[in-house]
Every structure is written in structure tokens, then in C-alpha cells.
Amino acid sequence: MINLQKFSKPVMIIDNESLQKMVASLLQEKFVTVDTEFVRERTYWPELCLVQIAGTGTVYLLDALSSDIDLSLLLPLLTAPSVVKVFHAAQQDLEIFLHLLGVLPAPVFDTQVAAMVAGFGNQIGYDSLVESLLKVTIDKSHRFSDWAMRPLTAAQQNYAAADVTYLWDVYLVLLQKLQDTNRLSWVAAEIDVLSDPNFFLPPLAKIWKRLRPKTNNRRVLGCLYAIIQWREEEAQKLNIPRQHLVKDESLLAIAAALPDSVKALSRIRGISHGFAEGKEGGTLLAVIKTVKNTDVESLPLPIPVESNKRKPSEAMIALLKVLLQAKCERYQVAPKLVIDSKDIEKLALGKRDLPVLSGWRRDVFGQDAIDLCNGQLILGVQDQKIELIKR
């Protein structure tokens, strides 16, 4: 039975003097657990409402909406190299701090990543991890609270506090498991990407790849790429969700039509006349005009037609997935952390410049995957378990 860390009643932080005292106290800790509550339905950037931070025996609830709070006073703690900042599923929390304060907290430990390395499945949620490790069920009734409303109720405060109080013990249990299995370096390698501000840049490449039409018209492709970037920049400036500014389907229609006037732009489905003749419509038309005046050789290339594109053997992919599942069961690590489905296909096609073929991933799966593809490994069954037979 785990002896859970005991915490006093949550301490609300609503002014700079209290915040400075909190930071001074927490700078003495080896680690703190951190979480945030925010709303994002109507904005591009998350609106930070609450920061929960726990030290030994004390949990603080920092009211980020208080007019008497200067969040930059958190920087000494967030950047202190001697204090590990522990999050669960850290990416969005880190993005918030990067946007508001211009820096990323460091050093960081992500218990969701650690749980994947320790064999608790793909992207396990906080509630499930707490229940699995600590045998505690968290009340989820306030999960969808409006955290921007003030004052916060006692129930909301207790719910928010639970996000970092149980995280304290989850961290210690996972840390011990990883030390016992010599896997701390595995987690460090996965978390390292979260220290790069470029990781949190707008997903322009993903949006472009998702929307890119199969056309040879480089003018259309150039327009689409330019207005995707325009939409992202405008949405950030206006602080509204990108789809609230211009929907994806409207972007595609604009790129195909290449409108050159307010009237032509307002004929696009999803574009109102008010938008077309307004400031945003004007800047959008200017972007389109620039693309139309650009030398075609400088615009994006069409997607090459690969009529003879080699496809991987479905049977080989199936064998590799069986091997992956068997090895991940043996090592108690989440398959998704080892390799994704696209790289499995590349393995089956003989590609070898892949992340799975270096570091701990090669030891867990990569080398056996190569041997299987080369006919040097056979999969068998014994006592209802997959056995690996070297040839």
C-alpha cells in the first residue's frame, strides 16, 4: 500500500506578495508538480485561468486572472535548474507558459510519457494513471467547469488541487519503476523535444499536407500555401480560432478561384460580403495578388504522380505488428512510443533510416524487425505466447 503524501487545504494566490513567497518556498524543493486550467473555445491562444503547483505538503492555486498578479514572477521557479517541474501530458501546459512568458519551463518530467515507457499503454490519462498506481478514484464532475468564472467554488478548488496532489505520488512511483528498470534515459530522450520552442510553432506543415489538393496547377498550390500562412498569422493577431476566421473548405475554394476583388471574394462559399470588404478581406486579397504576380517557377511543385509506387506487403506489415506487440508485452512499453504505423510500412519496404533503428528502440524492436524482414527470425507460438526463433 502506498503512503500518499498528505496535503493541507489549497492556498489561493491572488497577489504578487503571496506569489513571491510561494516561489521562494518552492525553490527549496527537488521537484514540484504543475498543472493549468484554461479555456480555449473562443480564442486562438489558451486563456490561462489557474495554475496549480504542489510542493511538500502544500498545494497552491494561482489565480492567473487576478488583476494583482504578475505571472513573470513565476519565472525563477519555472526556470530553476535545481527544481524538476512535473506535468502530466505536458505539451499544452508548456505551450501556455511559452506564449505568456516567452520561455519554456525546465527541467521537465512528463508522467504520461513515463507511463508509456513503464508499460501503462498509449497516452494514458491522468485519472486512469492515478487509479492504476495509487488505487484512488478522482471525482471527474468538475472536469468541464468554466475556469474563467469567479469566484471559484470550494469543489472546483479541490478538483484543481487533485491534479497536482496525486501527481506528486504518481511521479515518485514512476520514478522508482524507471530507476529499477534502467529506463530513465528512455524518458529523457522522449521529453527532450519539449525543450525546443520550435516544437510549439503553429502546425503549418500539417495543415498544408492535410489540405493540399492533387493538382498540377502551381498557382493554386502557391495560393493555398500562402493563405494558410495568412490565416494562421491573422488568427493569432485577432486571438480567434483559425476555423472561426476562415474555414478549411473556404481556403480550398479561394485557392481554386484566385479572386481579385471584394465581389469575387464574397462569392466564395463561407465568405461574407462584410468580411470580404473588411480589413481581413483586404489583406487576404493582397496575399492572393502577390501569389498571382509571383513567377510560377517559385511556387510549390505539384504532387508527383507515382503510378509505379511500390506498396509494402500486407502480410509483412502484419508480421511486424505481431512482433511489435510481442516485444512490447515483454518489455512492458507502449507500442506507439516505439514506432508508428507509417514507419512499420517503411520497414516492410526495406527503409533503414528510421528512429526505431537507433537507441533503446533498436534494442526493444528494431533489430528483431530487421532480422524478421531478412528471414533471420521466425515467429512461433509456445504456451500461448509468441516466441522468437533465430535462424
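**Figure 1. Meet the whole chain, with its 18 helices and eight strands.** This is a predicted model, and the overall view is a good place to start. Taken along the principal axes, the C-alpha atoms of the protein chain fill a box of roughly 70 × 70 × 35 Å. The chain has 391 residues, and buried residues make up 45% of them. About 20,800 Å² of the protein chain is exposed, with carbon and sulfur atoms supplying 51% of that area. Among contacts with a separation of 6 or more, 64% are between residues 24 or more positions apart.

**Figure 2. A salt bridge joins R150 to D63.** Searching the whole structure turns up 13 salt bridges, and this close-up shows one with its closest N and O atoms 2.8 Å apart. The pair links distant parts of the chain, with the two positions 87 residues apart: R150 sits in the loop between helix 5 (126-134) and helix 6, while D63 belongs to strand 4 (residues 58-63). How accessible is each partner? R150 is partly exposed, at a relative accessible area of 31%. D63, with 9%, is buried.

**Figure 3. Q156 sits in helix 6 and is buried.** Helix 6 covers residues 154-180. Q156 counts as buried because its relative accessibility is 8%, and buried means under 20%. Follow the side chain of Q156 and you will find the backbone nitrogen of T153 at 3.0 Å. Leaving aside residues up to four places away in sequence, Q156 touches H142, S145, D146, W147 and P151.

**Figure 4. The region that UniProt labels HRDC is 72% helix.** An unreviewed UniProt entry places the feature "domain: HRDC" at residues 217-298. The span holds 0% strand, and its end C-alpha atoms lie 13 Å apart. The next two views zoom in on salt bridges.

**Figure 5. R231 and D248 meet in a salt bridge between two helices.** From N to O, their side chains are 2.9 Å apart. R231 lies in helix 9 (residues 218-238) and D248 in helix 11 (residues 248-257), so the salt bridge ties together parts that are 17 residues apart in sequence. Are these two partners buried or exposed? R231 is buried, at 0% relative accessibility. D248 also counts as buried, at 9%.

**Figure 6. K237 and E234 form a salt bridge within helix 9.** The N to O distance between these side chains is 3.0 Å. Why are the two residues separated by about one helical turn? K237 and E234 are three residues apart in helix 9, and that spacing gives about one helical turn. The partners differ in their surroundings: K237 is exposed, at 64% relative accessibility, whereas E234 is buried, at 9%.

**Figure 7. Four charged residues are linked in a network of salt bridges.** Look for K327, D368, D371 and K390, which make up this network.

**Figure 8. A nonpolar patch lies on the surface.** Which residues make the patch? V322, V381 and I386 do, and the patch has an area of about 240 Å². One of these residues, V381, lies in strand 7 (residues 377-382). V381 is exposed because its relative accessible area is 68%, and exposed means over 50%.

Definitions and conventions
Residues numbered from 1 in each chain as written. Predicted model: local features only at pLDDT ≥ 70, side-chain atom pairs only at ≥ 80, totals over all residues. Heavy atoms only, no water. UniProt positions renumbered as here; feature names shortened; annotations may be inferred. Helix = DSSP H or I, 4+ residues; strand = E, 2+ residues; numbered from the N terminus. Patch = residues over 30% accessible without salt bridge, like charges linked within 9 Å, V, L, I, M, F, W, Y side chains within 5 Å. Areas by Shrake-Rupley, 256 points an atom, 1.4 Å probe, with all protein chains shown as cover. Buried < 20%, exposed > 50% of the residue type's maximum accessible area, 1.4 Å probe, protein only. Polar contact = N/O pair within 3.5 Å; in protein donor to acceptor, adjacent residues only side chain to side chain. Contact = heavy atoms within 4.5 Å.
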